[in-house]
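This briefing covers backbone geometry, one helix, chain-level totals and internal cavities. The structure is shown first, and the points follow by topic.

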Amino acid sequence: MGLRSYIITRILLTIPTLLLLLSMVFLIMRVLPGDPVALHFEKKATPEQMESMRRALGLDTPLWTQYIEYLGGLVDIGYILEHGYPNLGKSMQTFEEVGGQIFSAFPATLELAFYSMIIASVIGILLGVISSKSYNSILDHLIRGVGTVTYAVPIFFLGIVFQLIFGVYLRWLPTGLRINPAVDPPATITGLYTIDSLLQGNLFKFFESLKALLLPSLTLGIILSGIFIRMTRTNMLETLRLDFVTAAKARGLKESTVTYGYALRNAFLPILTMMGLQFAILLGGAILTETTFSWPGLGRYIVDRINFRDYTAIQGAVVVFGLFVTLVSLVVDILYAYLDPRIRL
Amino acid sequence: MVILGTIIVSALVIMTAIAPWIAPHDPAKTRVGPIREPPSPQFPMGTTHLGQDMLSRILYGGSIMLQVSALSVLVCFLIGVPLGLFSSYVGGVFDRACSLVIDAVYAFPGLVIAIAISAMLGRGVVNMALSIAVVYIPSYFRVVRSQVLSIKELTYVEAARGIGAKWYTILFRYVFPNVIPSIVVVTTINFADAVLTAAGLTFIGLGVEIHIPDWGRDLTSGWAYLSSGAWWIITFPGVMIILLALGFTLIGEGLSELLNPKLQR
Amino acid sequence: MMEKIELSIVVLVLIGIIVSSGTMYYMTTVVDNLSTLTDDVSTLTESVTNLTSTISDLALIMSEGFQEYAEAIAALTARLAAIEAGLATKETLIVGTTDSVEKTLDPAQAYDYFGWCILQQIGGTLVSVEPGSPKGSDFIPDLAVNWSSNDDLDIWDFNLREGVTFSDGTEFNATHVKYSFDRAIALIPSIPEGAPAGLGYDAIIDRTEVLDTYKVRFHLKMSFSPFLGILASRSSTIVNPQYAPIAQINHTTADPRASTPVAFAGPYVLSKWNRVAGRDVEIKLDANPNYWDLASGYPRMAHVIFRFYSDAATLRLAIEAGDIDMAYRHTSPTDVLDLEDNPNVKVWWGTGAAIQYFCFQTKRAPFNDTRVRVAVTAALNRTAVCDTVFLGLSDPLYSIIPPGMLGHTEAFQKLGDANYTLTTSLLAAAGYDATNKLVFDLWYESSGHYPMSAEQALMYKEALEGSGVITVTLKSADWAGYKQNRDSEIMDAYIYGWYPDYVDPDNYAFLYWAKWIHTNYYNETINGLPNPSYPAYLQQVALYDEARATTNITLREELYAQIDEIAVEQCSVVPLWVGSGWAVTTPPIYGVFLDITQDMRYWLIYK
């Protein structure tokens, strides 16, 4: 199978996965107790009023009609071209376009995920390599201990501890929000504050948003780094035992050249795959991190909206989450296939 | 590692079990002392914002976590393992369909699903356990499936099939025992994850009712009093949750190292 | 007691010893040779040296680039300092809040605290409550200069202020008043969740008549003395027809002018309004250049900027750090008491009007028996809850009408607090005792819709069970589920809260029998049998209607007191506590009024 047909097959395979995810969420939301229509009314409402609201929200049609309409909206190209985001329906509580709400919140999550991933991989790979090089020594055990402990720490607890130390006692870093509220956020280009402020050449805002990013992405990154440490270590240990590494050592190459130049490059492929797989876990962790740090992203949006039984909003957020995870794993798979032709067979 | 993990877990289990005999106060009773009293000889771990004794709450508070994780592991095990065995053994369309569903769940942020299901089912230990179980069934399924696919082709299984053994006999007598080691590892990791997810659900506000002492709840409610300097309300339960999860993780990691001879040298 | 503490410490220490000795054992068995440590350290140093050399190379390459950056930073910092200095002048008030506008700023729908707050800054009403008015019953002219009503209180005339223009320059006249009320009433069927529906505009106002360019008359469907209160509420904000279509609500988008009927006639105009994922991230108000009272110096500040914090703890840190001038709505009780000891900030205390109350489901056992309801009420411990949960920032409430308001009494004092003698004797009469306890579910809301619900519920449970004859099962649901449970009437006892639409006992007294609380107390029959409480309910409604139809304050007070008296005998809905209001500012800030209206009038605030 050539690379192109592999990519096409892989893309086609993501469609049923997404559809399945969507249907599950659609059904789960429908069986949640709590009627979004009744929630509209602070006090009593007549049955006629309830009925008209139901009609306005499109809840009067049979479930499958709603489902088909929802799917239809998702692939409405004209709408996407006009608004810049897919038609995910209108929020059942605020009547705002869910697509607009989600895409205004998504950059925050993306930014957090991106920086956390960087932190996790830097910490994870560095410690993993060091640990594998000094196999079975105190250092190795120490690093593995750190990896194990990070795995066992509730993510929000670490976040709270960081807030307590750096926010409350030392007052160095803000304990929440994407930018110091005393500063106007940078004008939206990509929605990522760090990038927007750089694009506009505003270094002050760049550092402000970086300061706000530091604690949440450090929290998420550290929690995630445990898995990276373990994976890097295992892969490095296997690679370091391979013939070509031994050969390289025998040729008298510098220790560090062998480790970083030969072994790590070879162990990198499985590490890359793992990074793709960790994205789902990363986004799950992002929900708790966002709640801890008042981070106005998609995770907090979901938690907010569940209390309102805002079906469309939650569905939309889940679809976007799912799409994102699927896309990342797709990219990783294609990259892997490109780097390692064996997989295409 | 396994020994250390076992020691931690069993120490915590025993502590929770004997709490009613050693706790100085009723853990739910409010105003047994002044509110937000720092640790003192009378209240060694301080008091909560309602004047409850923190020490008693720590002693009692593990039971919810333990119940939830044990129950969710049980459910996962009872559904994930047979499903994985059956699906991979039968193969064909059924196997493909199962894998597709499982992969869809697996690829998705588990906490989102757990939150949605938890909100749907309402509060309580059983509901929490169920919503966590849904997230972790895929892990069991995948592990079992990958093992079975390789075992299925082994000679002695072929031989059993050859002498006309029934499919369930083959599955449970010949295939299942070979899968057990991997399942044990997944189970212990699942325990740790369940503890953390339960804490996460509580943090989001989907925990148990307030009159039941729970580390997760104390950790969450203590958050609001951090800026007033009341560190003890979150620190002690936080450390306990970490210990519990760490205990399970250690067992899991140790076992997987023992059972995975690839890294023994 | 001490023995138990010691015992538990011993157990904890033992666990500690076991865990740490386990760790030690593990470490010593695994690490056979401690001398490897030195090797490790040397390898580590080597890698670190490698790393530093690489970094220094990189730094060399990038230093040129950095130099450019440094220059840019210097220039920018200077510019930003200038901007910041501009902001920090006496012209701008920065307010930190945890609130957010719920849906819209259209007066025909908006029904949330913060939406109403912004509306008050940008919109005008015919009359206003005088700032600092002790009972909230002193009205001052706003867009109307004077008014009168007939003796039956069902025809009200208003002479309007002349020469007022909306912020877009449109001249204000009587047709706008008529338009605003016609529109509010016309939209009720399609927006039953809006404020005009909630306040019952369609039940009160028959029609609005334009008598002259600057004279308008309201024909009411009933004699209604609190009418001025309703006219002063945010849902009576006069809209500009150009921005407020008759049959359509304006919803939020990024551009405030396109999304709200903003061309009001208030002291401020909305100049920026950004929302992300259904929450406010940026709101800025500028002084309205056409405001009718500019001559008197209002608004005092040219700009008000709102900064949005997502929780009380972060808001507290911000006011302490001096990031904001004012923290309003809301720092937590714990935090505000802490802040009172902080010399760098000032805490303003005000009268509260938000109340909470206990509701009984009277359609089935056990609470279809009035004696049981009274017995449970007598066992409640309001004082303990107010002291422990709210740290004294809430006050026990013994009448559904909060203190400071006309008609407030101490009626429920008669049953006492944690009055177990009364509880046991009444329950004994109803057939419950220590062996056959009264068992019921107490529900609370769990998603933060009300402050500290879970903690309150826990303390009520404790107090009720303290009687020795009651067993309470706590149950909870998030706001969506809670409302659903209320409507399907499955909760035995539950806690609800109320926040005034307009400051008048008329807006409180009806809670005893409000149908949307679903107590079934107001029904003639229950399960086909006559409801024993029904005559009491009829009596209360008659008193309520009589109080509505008079402006005689002594008479009204008397009538509301009688309603309370009956409520104590019936205990359908039982008042629990009333909160108090507070705001935190960094001095010097003046002109903060925290009166019973719960309104924050930002145009009066100055530095």
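C:His518 is buried, because its relative accessible area of 18% falls under the 20% cut-off. The model is a predicted one, and in it C:His518 has a positive phi of about 65 degrees although it is not a glycine. The residue sits in the loop between β17 (493-498) and β18 (525-526) of chain C.

**Other backbone features of chain C**

- C:Ala418 is another residue other than glycine with a positive phi, here near 45 degrees.
- C:Ala418 belongs to the loop between β14 (394-396) and α13 (420-429) of chain C.
- With a relative accessible area of 30%, C:Ala418 is partly exposed, whereas C:His518 is buried.
- The peptide bond between C:Arg329 and C:His330 is cis, with omega at about -10 degrees.
- C:His330 is placed in the loop between β11 (326-327) and α10 (333-340) of chain C.
- A cis peptide bond also runs from C:Pro587 to C:Pro588, where omega is near -5 degrees.
- C:Pro588 falls in the segment after β21 (581-585) of chain C.

**A buried strand residue**

- Strand β8 (residues 268-276) of chain C contains C:Leu270.
- C:Leu270 has a relative accessible area of 3%, so it counts as buried.
- In sequence, C:Leu270 and C:Gln121 are 149 residues apart, while their C-alpha atoms are 8.8 Å apart in space.

**Helix α4 of chain C**

- Helix α4 of chain C spans residues 174-187, which is 14 residues.
- From its first C-alpha to its last, α4(C) reaches 20 Å, close to the 20 Å expected at 1.5 Å a residue.
- Its buried residues are C:Ala174, C:His176, C:Val177, C:Tyr179, C:Ser180, C:Phe181, C:Arg183, C:Ala184 and C:Leu187.
- The strands that these buried residues pack against are β5 (155-160), β6 (205-212) and β7 (215-220) of chain C.
- The helices they pack against are α5 (195-199), α6 (201-204) and α7 (227-231) of chain C.

**Chain totals**

- Chain C has 17 helices and 21 strands, while chain B has 10 helices and 0 strands.
- Read from the N terminus, the elements of chain B run α-α-α-α-α-α-α-α-α-α.
- Buried residues account for 56% of the 607 residues of chain C and for 60% of the 265 residues in chain B.
- Of the contacts in chain C between residues at least 6 apart in sequence, 69% join residues at least 24 apart.
- On the same basis, 73% of such contacts in chain B join residues at least 24 apart.
- Chain C has an accessible surface of about 23,300 Å², and 56% of it belongs to carbon and sulfur atoms.
- Chain B exposes about 9,700 Å², with carbon and sulfur atoms supplying 68% of it.
- Along the principal axes, the C-alpha atoms of chain B fill a box of roughly 75 × 40 × 30 Å.

**Largest cavity**

- The count comes to 5 cavities of 30 Å³ or more, and the largest has a volume of about 120 Å³.
- From chain A, the lining of the largest cavity takes A:Gln163, A:Val168, A:Thr175 and A:Thr292.
- Chain B adds B:Trp223, B:Leu226 and B:Ser227 to this lining.
- Chain C adds C:Asp311, C:Ala313, C:Thr314 and C:Leu317.
- α7 (155-169) of chain A and α9 (312-321) of chain C each supply at least two residues of this lining.
- α9(C) gives the most, with 3 residues.
- By type, the lining of the largest cavity divides into 5 nonpolar, 5 polar and 1 charged.

**Second largest cavity**

- The second largest cavity holds about 80 Å³ of space.
- Its lining includes B:Thr48, B:His49, B:Leu50, B:Gln52, B:Arg57 and B:Ile210.
- Also in the lining are B:Arg217, B:Asp218 and B:Ser221 from chain B, with C:Glu455 and C:Leu458 from chain C.
- α9 (215-222) of chain B and α14 (453-465) of chain C each supply at least two of its lining residues.
- The largest share, 3 residues, comes from α9(B).
- The lining of the second largest cavity divides into 3 nonpolar, 4 polar and 4 charged residues.

Definitions and conventions
Residues numbered from 1 in each chain as written. Chains lettered and ligands numbered in written order. Predicted model: local features only at pLDDT ≥ 70, side-chain atom pairs only at ≥ 80, totals over all residues. Heavy atoms only, no water. Helix = DSSP H or I, 4+ residues; strand = E, 2+ residues; numbered from the N terminus. Expected span 1.5 Å × (residues − 1). Buried < 20%, exposed > 50% of the residue type's maximum accessible area, 1.4 Å probe, protein only. Contact = heavy atoms within 4.5 Å. 1 Å grid on protein atoms, 1.4 Å probe; cavity = no way out; pocket = protein on both sides within 12 Å on 5 of 7 lines; lining within 4 Å. Points joined across faces, edges and corners; volume = space filled by probe spheres on them. Nonpolar A, V, L, I, M, F, W, Y, C, P; charged D, E, K, R; others polar. Areas by Shrake-Rupley, 256 points an atom, 1.4 Å probe, with all protein chains shown as cover.
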